[in-house]
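Here are my notes on this model. Please read them with the structure open.

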Amino acid sequence: MTHSARITSAPANMTPLPNGLRPHLTPTARAWLDQALAEAAQGITPTTELHLAEAARRCGPPHADTARILILQAAHPTPSDLTRVYDRGTADERRAVLQALPHVVPGPEGLPLVEDALRTNDTRLLTAALGPYAARHLSAHLWRHAILKCLFTGVPVAGVAQLAARAHGDAELARMLADFAAERIAAGRPVPDDLHHVLALTDPEAAPPLPAPEGGGPHGKES
């Protein structure tokens, strides 16, 4: 897929997103969402961007993320579309773009957005960036450093997609975790409990995790 190609049907390696949101919405919110999805079928237009911005007000904050992802999926955006929405959006809208990636981008073209989020200190963006899309496409080198950033910033590793599969037998990740723990101890600071959890996952003698439902992400060992 080129940056100008629009996806009009979901390829086999993209995650389907069932719309289970509507039963939780008021009639007014359902009508708004139906209209927003219909208009999104025209692509990422100024109207679509407006709908993304007002999703929390229209559907309620608990449902805003799902509504935004559904709108993005209906728009069949190109990577360039997603970059524009991400660059212009609030933190909430950026999080929705990151969460939408496995549903709208079949290949690695969305990785620059993941990498941008991993450079921030916004813990919600970090969490969203390490979802199924990163598990599938992020290089081993960047993924390892993302895990360390989670430990440093206090982002729970339980939210990292395919953590066990990617950490299993990863000697380089184990080395990095040990170094990080040693630095914390030397500085008189506590070692996060999550570090011990991830370190245990790197044990090559441990039973390998079961295959992921979607076939899992890459498990390269390059450094």
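1. Overall pattern. Along the sequence, the protein reads α-α-α-α-α-α-α-α-α-α-α-α-α. That is 13 helices and zero strands. Keep in mind that this is a predicted model.

2. Burial and surface. The protein has 223 residues, and 46% of them count as buried. Its accessible surface comes to about 10800 Å². Carbon and sulfur atoms hold 58% of that surface.

3. Contacts along the chain. Take the contacts in the protein with a separation of 6 or more. Residues 24 or more positions apart account for 73% of them.

4. Helix α6, length. I looked at one helix in detail. Helix α6 covers residues 91-104, 14 residues in total. From first C-alpha to last, α6 reaches 19 Å. The expected value at 1.5 Å a residue is 20 Å, so the span is close to it.

5. Helix α6, bend. Where does α6 bend? The bend is at Leu-98, by about 25 degrees. A proline, Pro-102, follows within four residues. Both Leu-98 and Pro-102 are among the buried residues of α6.

6. Helix α6, burial. Is α6 mostly covered or mostly uncovered? It is mostly covered, with ten of its 14 residues buried. Toward the start of the list come Glu-93 and Arg-95. Ala-96, Val-97, Leu-98 and Ala-100 are buried too. Leu-101, Pro-102, His-103 and Val-104 complete the set.

7. Helix α6, what covers it. Which elements cover the buried residues of α6? They include α2 (46-53), α4 (61-75) and α5 (79-88). The cover also includes α7 (111-118), α8 (123-129) and α9 (132-137).

Definitions and conventions:
Residues numbered from 1 in each chain as written. Predicted model: local features only at pLDDT ≥ 70, side-chain atom pairs only at ≥ 80, totals over all residues. Heavy atoms only, no water. Helix = DSSP H or I, 4+ residues; strand = E, 2+ residues; numbered from the N terminus. Bend = angle between axes of the 7 residues up to and from the residue. Buried < 20%, exposed > 50% of the residue type's maximum accessible area, 1.4 Å probe, protein only. Contact = heavy atoms within 4.5 Å. Areas by Shrake-Rupley, 256 points an atom, 1.4 Å probe, with all protein chains shown as cover.
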